[in-house]
Amino acid sequence: MDTPVGFPTRNRAASPAPADGPLVDTFGRAHTDLRISVTDRCNFRCSYCMPAEDMTWLPREGILSYEEIERVARVLRGLGVTAVRLTGGEPLVRADLPVLVAKLAALGFDDLSLTTNGVGLPHLAGALAAAGLRRVNVSCDSLDRDRFASITRRDALPAVLEGMDAAEATGLSPVKVNVVLMRGVNDDEVVDFAAFARQTSRPVRFIEYMPLDAAHAWERPDVVPGREIVDRIGAVFPLVPVGTRDDDPAPADRFRFADGRGEIGVIASVTDAFCGTCNRLRLTADGALRNCLFATREWSARELLRAGGSDADLEALCRQVVWAKAAGHGIDDPGFTPPARSMSQIGG
Ligand code: SAM
């Protein structure tokens, strides 16, 4: 991967990470956003993410306890992390999730959110909101019930839509809707999803399909480029860009409808990577710290915690992980190899 424009070309990753100051990498990117996966298990089997069956799950004893997650989050809060998103697997299948949310809310993050398939929200939205969750992203890849069932291998579209309503009813808003667009699978619904965003006032985020599927079947022609998504929607519902990447490290390029009726976003991770402004760090369900979705190396916070490591040790590990971050994800590099773990095992 080429070094992003404006970045130093000298590789300083071999030098020790700074012992104090903000959580930065060698390119000066400050890390303020933490994604925490609470489980690798899921009640869906989305074809672009997991196999239909024979998934090997992490052993229960290998999963971080809520107290362990809280400890890592507390140390990272002290290092300047301001936003936490819970994910999985499907985070709502882990028992007593509101207990973890309350622990994290007490740490005082500016933003505490959750990415979910939505099915558990009618039961859990109230308890999650009461525990301090601010908002949710709900994944939904088709508005057609049969197609939804074929993509997710679960006949659950009505339940997912009910989950979105439940989240809004408890104040977990805005509900953002995540759509992974795949060529020839659901890209004919791109304008339908834009209409859905307009009707519901739910921002829809179109995500480019990434090489993180368990089957390693991803091929570049399957990706619907973000630019094409914007053009196809804009031809029907004129769009106006909202802000620029330079003033927002969030991965979505946002557009509002010119008539003021809502907005969409495009996460062009493949065709227009936003690595130059990446501020994200990940903690997997089994306690591995990762500096990139596509990283092939990870560092075990769990081992450190269970070997009696101190908070100072944990801080040093977090600094080392961020310091070792590459300039970019490298999908376009000739020797690109996807990580051994798929999206549901890392935490999307
Ligand atoms: N189960 C939750 C959900 O459905 O949102 C959280 C975990 S899921 C792995 C997080 C997000 O990753 C979802 O929006 C999902 O669609 C997305 N995702 C999974 N595999 C992907 C892939 N290969 N490319 C792009 N996005 C992917």
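This briefing walks through a ligand site, a buried aspartate, one helix and a serine ahead of the first strand. The model is a predicted one. The ligand sits among 18 surrounding residues, and the protein covers 95% of the 550 Å² of accessible area that the ligand has on its own. Away from the ligand, D40 and helix α9 each get a closer look below.

**Around the ligand**

- Of the 18 residues that surround the ligand, the closest are Y48, G89, E90, S139 and M210.
- Two of those closest residues also make backbone polar contacts: a nitrogen atom of the ligand is 2.9 Å from a polar backbone atom of G89, and a ligand nitrogen is likewise 2.9 Å from a polar backbone atom of M210.
- On the oxygen side, a backbone N or O atom of T116 lies 3.5 Å from an oxygen atom of the ligand.
- Strands β3 (111-116) and β5 (176-181) are the elements that give two or more residues to the shell.
- Sorted by class, that shell has six nonpolar, nine polar and three charged residues.

**D40, tucked into a loop**

- You'll find D40 in the loop between β1 (33-37) and α1.
- D40 has a relative accessible area of 3%, so it counts as buried, the cut-off being under 20%.
- Its side chain has a polar partner: the backbone nitrogen of L58 lies 2.9 Å from a polar atom of the D40 side chain.
- Setting aside neighbours within four places in sequence, D40 is in contact with M50, T56, W57, L58, I63, G89, A285, S344 and Q345.
- G89 is thus on the contact list of D40 and is also one of the closest residues to the ligand.
- For a long-range pairing, take D40 and M343: they are 303 residues apart in sequence, yet 9.2 Å apart in space, C-alpha to C-alpha.

**Helix α9**

- Helix α9 runs over residues 311-323, and its 13 residues should span 18 Å at 1.5 Å a residue; the end C-alpha atoms are 18 Å apart, so the two figures agree.
- The buried residues of α9 are L314, L317, C318, R319, V321, V322 and W323.
- Those buried residues pack against two helices, α1 (66-78) and α8 (301-306), and against the strands β10 (280-283), β11 (288-290) and β12 (299-300).

**S15, ahead of the first strand**

- S15 is in the segment before β1.
- Its relative accessibility is 31%, which means S15 counts as partly exposed, between the 20% and 50% cut-offs.
- S15 and D313 are 298 residues apart in sequence and 18 Å apart in space, C-alpha to C-alpha.

How values were computed. Residues are numbered from 1 along each chain as its sequence is written. This is a predicted model: local features need pLDDT of at least 70, side-chain atom pairs count only at pLDDT 80 or more; totals for chains, interfaces and linings use all residues. Side-chain values use heavy atoms; hydrogens and water are left out. Helices (H or I, at least four residues) and strands (E, at least two) are DSSP runs, numbered from the N terminus. The expected span of a helix is 1.5 Å times one less than its number of residues. Buried means under 20% relative accessible area, exposed over 50%, partly exposed in between (1.4 Å probe, protein chains only). Contact means heavy atoms within 4.5 Å. A polar contact is a pair of N or O atoms within 3.5 Å; within protein, one must be able to donate a hydrogen and the other to accept it, and residues adjacent in sequence count only if both atoms are side-chain atoms. A residue is near a molecule or strand if one of its heavy atoms lies within 4 Å of it. Accessible areas come from the Shrake-Rupley method with a 1.4 Å probe; for residues, only the protein chains shown count as cover. Ala, Val, Leu, Ile, Met, Phe, Trp, Tyr, Cys and Pro count as nonpolar, Asp, Glu, Lys and Arg as charged, and the others, Gly among them, as polar.
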